[in-house]
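Take a moment to turn the model around on your screen before reading on. We'll walk through it piece by piece, with the terms explained along the way.

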Amino acid sequence: MAALIAENFRFLSLFFKSKDVMIFNGLVALGTVGSKELFSVVAFHCPCSPARNYIYGLAAIGVPALALFLIGVIWNNHTWNLVAECHKRGVKNFSAAATFLLFGSIMGRAAVAPVTWSVISLLRGEAYICALSEFVTPSSLDKFPPEYGAEVLARFPCRDVPANLTKFRDEVTRRLRYESQLFGWLLIGIVAVLVFLTKCLKHCCSPLSYRQEAYWAQYRSNEDKLFRRTAEVHSRILAAKNVKHFFGFVALDKEEKELVQEFPVEGVQPSPQWNAITGVYIYRENKGFPLYSRLHKWAKGVEGNGPTPEGHELLFLAS
């Protein structure tokens, strides 16, 4: 138990540090596997009662998957960029293909954890066996005693059955586990094919060469790191100035004093500038020159978000 908890804490630490999409998705899957194991040990207890097994089994698979999906949508930066875009500018500047691409990116990233949860649940088979044991047809079991019905079959997952039904319990469990694992492997195969086709489609439709796409990814990563780091320093210096103005002095450590002396902050950025660099961004060019982000576009003085006579939208969303 302690090992599982420690593994999940290590996962969370890596999760918040990772920026790479593949590493991010891999860590999400790994964390989901660990959480599923912990859930199975601590929380999953089949009621072994007719009409309750089915609801509980489906809930054990579906409710956590739904929660993980919603968490994935919430944690995706594209979600809030889309909200900001709709609030400030609307989506009138986006074509149908761009809108589909954006939603596909959000849904695809958010689906990693729930799909992993569902696959692990099906491969383990516990929830599936719990949900469907009472629906096994007694006539399909050779020499099954006719006096027993769904009520006894529903108790099979808990092994709370008469001694003369032990072999039937093992047969039902084996049959349902086979079905559950078969669905799990099929789900893995379907997801693998979809991921392969999506990657092929992305690279076939990309307007960028492989090297330029790699450069764009590096630029986005560096811009994000530098922006966050600079914003943290800027906000700290501005806060120090305001605190000093209120109290007449400000208690700074040595590092903060050096920052205040090295980077004088005169004021804050007006809201129109924040709005200009916030929102959904789809790769565009202006007069043949690439614009890699909203900040890049603002720095170059290019106005608007839609296609212009000098620039055109290439319908390629950042991963």
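Valine 268 sits in the loop between α11 and α12. The names come from DSSP runs, numbered from the N terminus: helices are runs of H or I with at least four residues, and strands are runs of E with at least two. Valine 268 is exposed, because its relative accessible area is 57%. Here's how that scale works: buried means under 20% relative accessible area, exposed means over 50%, and partly exposed is in between, using a 1.4 Å probe and protein chains only. From the C-alpha of valine 268 to that of serine 235 is 9.1 Å in space, while the two residues are 33 apart in sequence.

Before going further, keep in mind that this is a predicted model, where local features need pLDDT of at least 70, side-chain atom pairs count only at pLDDT 80 or more, and totals for chains, interfaces and linings use all residues. Residues are numbered from 1 along each chain as its sequence is written, and side-chain values use heavy atoms, with hydrogens and water left out.

Now zoom out. The chain has 13 helices and three strands. Of its 319 residues, 33% are buried. Look at contacts in the chain with a separation of 6 or more, and you'll find that 70% of them come from residues 24 or more positions apart; a contact here means heavy atoms within 4.5 Å.

For one such long reach along the chain, go to proline 114, in helix α6 (residues 112-124). Is proline 114 buried or exposed? Its relative accessibility is 9%, so proline 114 counts as buried. Setting aside neighbours within four places in sequence, proline 114 touches Ala65, Leu68 and Phe69. The C-alpha atoms of proline 114 and leucine 68 are separated by 5.6 Å, with their positions 46 residues apart along the chain.

Leucine 68 itself belongs to helix α3. With a relative accessible area of 23%, leucine 68 is partly exposed. Leucine 68 also lies 8.1 Å from alanine 111, C-alpha to C-alpha, although the two are 43 residues apart in sequence. Alanine 67 is in helix α3 too, and its relative accessible area of 36% makes it partly exposed. Alanine 67 pairs up with alanine 113 in a similar exercise: 46 residues apart in sequence, 9.6 Å apart in space, C-alpha to C-alpha.

Next, find two helices that cross. Helix α10 (residues 210-247) and helix α11 (residues 254-262) pack at an angle of about 90°, with their axes 10 Å apart. The axes are lines fitted to C-alpha atoms, for helices over the stretch in contact, and the angles run from 0 to 180 degrees between N-to-C directions. That makes α10 roughly perpendicular to α11, since angles of 65 to 115 degrees get that label, while under 35 counts as roughly parallel, over 145 as roughly antiparallel and the rest as oblique. From α10 come Val233, Arg236, Ile237 and Ala240, and from α11 come Glu256, Leu259 and Val260. Sorted by type, the contact residues are five nonpolar, no polar and two charged. In this sorting, Ala, Val, Leu, Ile, Met, Phe, Trp, Tyr, Cys and Pro are nonpolar, Asp, Glu, Lys and Arg are charged, and the others, Gly among them, are polar.

Helix α10 turns up again at the second largest pocket. That pocket has a volume of about 460 Å³. On a 1 Å grid over the protein atoms alone, a pocket is an open set of points where a 1.4 Å probe fits, with protein on both sides within 12 Å along at least five of seven lines, and lining residues have an atom within 4 Å of a point. Which residues are the closest to the centre of the second largest pocket? Of the 19 that line it, they are Phe227, Thr230, Ala231, Gln269 and Trp274. The elements giving two or more residues to this lining are α10, α12 (271-276) and α13 (294-299), and α10 gives the most, with ten. The lining divides into twelve nonpolar, five polar and two charged residues.

Finally, check two backbone oddities. Alanine 51 has a positive phi of about 75° although it is not a glycine. Alanine 51 lies in the loop between α2 (21-42) and α3 (52-75), and counts as exposed at 52% relative accessibility. Lysine 287, also not a glycine, has a positive phi of about 55°. You'll find lysine 287 in the loop between β1 (282-286) and β2 (289-291), where its 60% relative accessibility makes it exposed.

Key
Points joined across faces, edges and corners; volume = space filled by probe spheres on them.
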